[in-house]
Amino acid sequence: MVRLPLTPAEIDRGRRLGAMLRQARGDRSMLDVALDARVSPETLRKIETGRIATPAFPTIAAIADVLGLSLDDVWAEITRPERGSASHGPAGRDAPARSGLT
């Protein structure tokens, strides 16, 4: 299977997701959060740094649950228009969902 390159909108959403998770994690260790969410610490690190920009839904759902985040809040944050720049257009919203192998 050939994986298509990520769009700028997907990369931006991945960065926002990572920043949101890092902020929500606060002082908790990455190891504790990852283990509680039943994901590897390496996966959590990659998501938080934007290296996995399109993680699998169950992975995000598990991490959000451990951090006390609602999936509605996560979705609202990662799909909000970026302030101070032109819209990325419909490609970001309407592009087929891609899941990371996490």
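Which residue forms a salt bridge with E48? To find the partner, select E48 together with R25 in this predicted model. E48 and R25 form a salt bridge, and their closest N and O atoms are 2.8 Å apart.

**First stop: the E48 and R25 pair**

Display the helices that hold these two residues. E48 belongs to helix α3 (residues 41-48) and R25 to helix α1 (residues 8-25), so the salt bridge ties together parts that are 23 residues apart in sequence. Next, add a surface. E48 counts as buried, with a relative accessibility of 3%. R25 is also classed as buried, at 14% relative accessibility; the cut-off for this class is under 20%.

**Second stop: the buried face of α3**

Keep α3 on display and select T43, L44, I47 and E48, which are the buried residues of this helix. Turn the view until it runs down the axis of α3. The buried residues fall within an arc of 130°, so they line one face of the helix. As background, an α-helix has 3.6 residues a turn, so residues three or four places apart point the same way.

Now bring in the surrounding helices. The buried residues of α3 pack against α1, α2 (30-37) and α4 (57-67). E48 is thus encountered twice on this tour: as one of the buried residues of α3, and as the salt-bridge partner of R25.

**Third stop: a pair within α3**

Select R45 and E42. These two residues form a salt bridge whose closest N and O atoms are 2.5 Å apart. Why does about one helical turn separate them? R45 and E42 are separated in this way because they are 3 residues apart in helix α3. Are these two side chains buried or partly exposed? R45 is partly exposed, with a relative accessible area of 30%, and E42 is likewise partly exposed, at 36% relative accessibility.

**Fourth stop: just after α3**

Move along the chain to G50. This residue lies just after α3 and takes a positive phi of about 85°.

**Last stop: R80 and E77**

Finally, select R80 and E77. A salt bridge joins this pair, with the closest N and O atoms 3.2 Å apart. R80 is partly exposed, having a relative accessible area of 26%. E77 is partly exposed as well, with a relative accessible area of 25%.

How many salt bridges does the model contain? The count comes to 5, among them E48 with R25, R45 with E42 and R80 with E77.

How values were computed:
Residues are numbered from 1 along each chain as its sequence is written. This is a predicted model: local features need pLDDT of at least 70, side-chain atom pairs count only at pLDDT 80 or more; totals for chains, interfaces and linings use all residues. Side-chain values use heavy atoms; hydrogens and water are left out. A salt bridge is a side-chain nitrogen of Lys or Arg within 4 Å of a carboxyl oxygen of Asp or Glu. Helices (H or I, at least four residues) and strands (E, at least two) are DSSP runs, numbered from the N terminus. Buried means under 20% relative accessible area, exposed over 50%, partly exposed in between (1.4 Å probe, protein chains only). The arc is that of the directions from the helix axis to the C-beta atoms. Contact means heavy atoms within 4.5 Å.
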